[in-house]
Structure formats: C-alpha cells, structure tokens
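Take a walk through this protein model, one region at a time. Keep the sequence and the coordinates open as you read.

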Amino acid sequence: MLEVYLDPCTINCRKVLAGLDLLDTKYNLHEMNYFKGEQKSEDFIKINPMATIPAAVDGDLTITESNAILQYAADHSDHVEKAYPKDTKKRAEINTWLLWEASAWFSTCYTHVVQYVVQPLMGGEPNEEIIKAEAPQWNKLAGILNDQLGKTKYITGDDVTIADIAIASPMHMWEASRLPIDKYPNLQRWYGDIEKLPSWQKTQGAVQKSILDLLPKNQANGGAQQSKQNGTTENSVRATLNYTKALDDQLTEIYFYEDAEGKYKNVNEPGNDAQEVNITDGWHRAKEFSYDKHGFSLHDFSSSYNGAWEDESRVKNHLYPEIVSFLKHTTGAKEVLVFDHTIRTKKNASKAITQESNTTQRAPVRLVHCDYTSESAPVRVKQLLGDRADDLLSRRVAFFNVWKPLAKVEEMPLAMCDVTTSPPEDYFKLFLRYRERTGENYVMRQTTPNSHKWWYFPGMTSDQVILLKTFDGEQDGRARFVGHSAFEDPTSKPDAPERESIEIRTIVFF
Ligand SMILES: N[C@@H](CCC(=O)N[C@@H](CS)C(=O)NCC(=O)O)C(=O)O
C-alpha cells in the first residue's frame, strides 16, 4: 500500500490527492499540517530531505516529487487507459506536460499565490512590483496552454490525464491568486471542465476550509474582480442548515400516511443534522453563476401576471406560458413542460410536512434537499408524458425549479449549495412514502466538514428569479442536482414581512 504524506490544501498535495482519485489508487493518508511547518520536522526530513510535501513511500521506495508520485501510481493502476495510456508516444506527450508544469508553470502561478494568498493570510500586503515583473512569463505560458487547448478538449486530447490534474493544480485558487485567465478563453473553458470532475470536486473542500475561508474577505475572490463588480466585498452570514445523517443500516424516509394505529412510522428523519454554515451574499458575482456549473443561476424576469397567487387556474393560464418562453430562451430547450407550482409563505408554517392535500401552499422548506434523484426524474417524465416519454428520454432532459419572490425577500431566504463544492457522495436518498407510491428526493451530508460553499441573494425582488437545476440527464460533469434550503437569516429585522414566493417546477427537453 502506498503511504502518502501531505496536507490536502497545498497545490502539489491537492494534485496528488485528485490524481490518485482519478487513477482510483488506494493509499494510506498521513495528513500533515503545512502551516504548522510539519514538513520541516526532523522525522519528516528523514523521508524527504527537501522538507516539502507531498511524499509517498512504498516499502523501500520513497518518492518526493508530486508528478513522480502520480506516474508511479499510474504504473500500478488498472485505470490508466485514459489517465496515463501505456502507448509510449502518448506517455511522452503527457510526461512533457508534467515536466513543463514542474519546471515552469508551477513557479509562475506560485508567484501569484504568494502575493495574493500567502501574504494576506500572514497579514501582509501583495507586492504589485513582483506581479508586474512576473507578468510576461505568466502570459507567455498561459498563451502556450491556451493555444494547446484550442486544439484539444483536455491537455493532450479528448480525455483527462494526470497532466491535466498537474497543470490545473497551481491554478486551483485562480480567483484569490488573481490569475487573469479571463484573457485566455480556451484555458478558462478547460479549467471550467476540470472543476466539474469528481476528483477535483472532492479535493476542493480542504482548500476552501484551510485557505480560502481564512483569507480577508476582499481577497477570497480576488480583489481585482471584486472591485470591478460594484466595488462590493464578500459578505456572509452564519446560519443553521438542516443536513441529514446518513445511516448505514437505515433508510431515510418520511411517511405521508398513518399506520393502523394512527401513528407515523418511526424512521431516520430527514434534517436531523443541523449544522452552522457560512452563507455568502452572491450579489457581487450574480452574473457568473451558471446552472450547468454551480447548479443555479440568477435572472431578471418580469411577469405580466401579478395577481391572485392562490388562484391556481389563473396562475396556470397566465404565468406558466411566460415561464415556458423564459426557459426556452434561457436554456435553448426545444420544449418545456411546467407541471406544478408551490406557493410558500410562513402563513402556512403550521402545516405538517406530511400533509398530503393542498401541497400548492406550504411553508418554506428548511431541509437541505434536491427535489429529484437520478431515478425519480425519469419516472416523473414517464408519469407526465406517457407514450412520448421514451423518445424524449433518449435525448437530454433536465428539471428546473424557477424560484420567484412575490415581494422583496426580507426573511427566510433561499440558500443554494454550490455544486462545484458538493461531490456526488454528499447526496443520498430520502424516500417519500405515500400510501400508493414512493417518491424520492436527495438529502445531503458533508462528508468533508465545512466543505460546502453556500450562496444566497438577500433582498431579491419579484422581478428576479433563481433557476435551480434539480436533475440533468447529461452525465458529462455538468451540475446535475443542486442542494438548497430556506434558512433563518440572522440579519433579518424582527418585524420583517414574511417571505412569499412561488416555486414553479418544470422539465426542459433539448
Ligand atoms: N516539486 C515538488 C514541490 C513540492 C513543494 O514545493 N511543496 C510545497 C507545498 S505545495 C512545500 O512543501 N513547501 C515547503 C515549505 O513551504 O515549507 C513537488 O512537485 O512535489
């Protein structure tokens, strides 16, 4: 077994963790604390006299270079047809990029990391002269990468290899370290693809927690970008969200009917793991959120219907067609089906979650969840579209919720979990047991504590909507399920008007 010594938040260590995951390599992790200088300890210097991490030991072999660790792991992995093919020419190409990263790319990116991340973490100021002096080298190398990525999807072709992981790693805090990747469209597109990889997503949490969350607020997303965006800095609130404990031996369920003795069954209840989290005001980046990347996006949307929200048939006749054209226009879908809506107000708060009738009027849901699972969404398409379902399901189908305030949101806003920080293993099923059928939602846990990044848009108004992607049949790394929940905003005024919103559920066909 490979013994791996690293601190998951550093560039070269994250590279190894993400690469080993891509290669599906088993290893024993010896976690170290880079910021406490454990790499300089006497014991560790016996392993790596360079006093750097990562290092890996396999019996009498010690490897002290991150890229060499990945090459060795690949040599012993059964999953290398794509990640590190055995063909010698292909390998030589990948090796070239691995050496390019270690000899040139790492150091030019690291200059930015030192100035914009390390310095602010230590209470210092970035030295712009150093960045200016480095700019020709960074731009030259970024240009080379950009040209290459204009020819290929990933660095050496159609598949992700360990070279992609190696080259993405020095860029892993690109916003905070202010790498100007927006000048290099192919590079930017490729990095977006890397961010969708499960191996990348699983290793993001440690970077977020050990570095990005500790940065002064105006540095975390790159002060340069922020000052461009209304000059606003990042603001967060601390609030409680109801996650769910995943039990090995028990399903998570809600029964919507009583047994013969008039009792609801005693089960592993959803929402039984309340956790305090940071929820960040997303207004300064409102235009950047994308439902394919983050799982949600924010849009202007003014409806000509502004009337009796409790009148179901009028909502259907007036609002639904507007939602259909909005979604066609926004997503490029060929066809859109709006199939139900829910009005949520606190006035309905006394209604039990198990109440089966009149589900169009409910209290805001304070459970971290996603409305569909990979199984339940296609079932819903079949229920709603009968004979046409098989044909429609042979192409891309996605489910979107359109969340629209009915008046300015001053309490109980909606929080969205950034899908780039929530790997698939953080979602598990909640079974909704009705007398006649069983439905499925996802509820969520944080396998890596504090790893989820949460966003909200305080003060949203009735001419804005959030699109939430609750299912996507496409499995190419784009966001498929977004966790979301209403939450008690600690900054709301005690006399704030109750939140009123409508959530419209739709299926879009491409
Ligand atoms: N070329 C080495 C570089 C390793 C390296 O520089 N590691 C950093 C963390 S990413 C380190 O341990 N630096 C030592 C220090 O700053 O004390 C590799 O790719 O593994």
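Begin with a strand pair. Strand 6 (residues 252-255) and strand 14 (residues 427-433) run parallel and are joined by four bridges. To place the register, find T252: its bridge partner in strand 14 is L430. The model is a predicted one.

Strand 14 has another neighbour. Seven bridges join strand 14 to strand 15 (residues 438-444), and these two run antiparallel. Here F428 has V443 of strand 15 as its bridge partner. Strand 14 and strand 15 make a hairpin, with four residues between them. In a regular strand, side chains alternate between the two faces of the sheet.

Strand 7 (residues 273-281) also takes part in two pairings. With strand 5 (residues 236-243), strand 7 pairs in the antiparallel sense over eight bridges. N242 stands opposite A274 of strand 7 in this pair. With strand 16 (residues 454-456), strand 7 pairs in the parallel sense, over three bridges. There I279 stands opposite W454 of strand 16.

Now step back to the domains. The protein is divided into domain 1 (2-224) and domain 2 (238-257 + 265-282 + 290-509). Their centres, taken over C-alpha atoms, are 35 Å apart. The contact between them draws 13 residues from domain 1 and eleven residues from domain 2. On the domain 1 side, helix 8 (185-195), helix 9 (198-202) and helix 10 (204-210) are the elements that give two or more residues. Helix 10 has the largest share of that side, five residues. By class, the domain 1 side has three nonpolar, five polar and five charged residues.

Helix 8 leads to another contact, this time with helix 6. Two packed helices are described by the angle between their axes and the distance between the axes. The axes of helix 6 (residues 128-151) and helix 8 come within 7 Å and cross at roughly 70°. That crossing makes helix 6 roughly perpendicular to helix 8, because angles of 65 to 115 degrees count as such. Helix 6 brings A142, L145, N146, L149 and G150 to the contact, and helix 8 brings N186, L187 and W190. These residues divide into five nonpolar, three polar and no charged.

Turn next to the sheet that holds strand 1. This is an open sheet of four strands, in the order 2-1-3-4, with mixed pairing. Which strands stand at the edges? They are strand 2 (27-31) and strand 4 (61-63); each has a single partner strand, so one side of each is left without a neighbour in the sheet. From one strand to the next, the twist averages 20°. Strand 1 (residues 2-6) and strand 3 (residues 55-58) pair in the antiparallel sense over three bridges. Y5 stands opposite A55 of strand 3.

Look at the loop between helix 2 (42-47) and strand 3, where P54 has its place. The peptide bond from I53 to P54 is cis, with omega near 10°. A51 is found in the loop between helix 2 and strand 3 too. Its phi is near 60°, a positive value in a residue other than glycine.

Then compare a second helix pair. Helix 1 (11-23) and helix 3 (66-75) pack at an angle of about 10°, with their axes 9 Å apart. That makes helix 1 roughly parallel to helix 3, since the angle falls under 35 degrees. From helix 1, N12, K15, V16, G19, L20 and L23 meet S66, I69, L70, A73 and A74 of helix 3. By class, the residues of this contact divide into seven nonpolar, three polar and one charged.

The last stop is the ligand. Which residues are around the ligand? They are T10, I11, N12, C13, Q39, T52, I53, P54, E65, S66, N67 and A102. Both partners of the cis bond, I53 and P54, are in that list. N12 and S66, from the contact between helix 1 and helix 3, are there too. Helix 1 and helix 3 each supply at least two residues of the shell. Helix 1 gives the most, with three residues. By class, the shell has five nonpolar, six polar and one charged residues.

Note on methods. Residues numbered from 1 in each chain as written. Predicted model: local features only at pLDDT ≥ 70, side-chain atom pairs only at ≥ 80, totals over all residues. Near = placed C-beta within 6 Å. Nonpolar A, V, L, I, M, F, W, Y, C, P; charged D, E, K, R; others polar. Domains from an automatic or database assignment. Contact = placed C-beta atoms within 7 Å. Pairing = 2+ DSSP bridges. Axes fitted to C-alpha atoms, helices over the stretch in contact; angles between N-to-C directions. Parallel < 35°, antiparallel > 145°, perpendicular 65-115°, else oblique.
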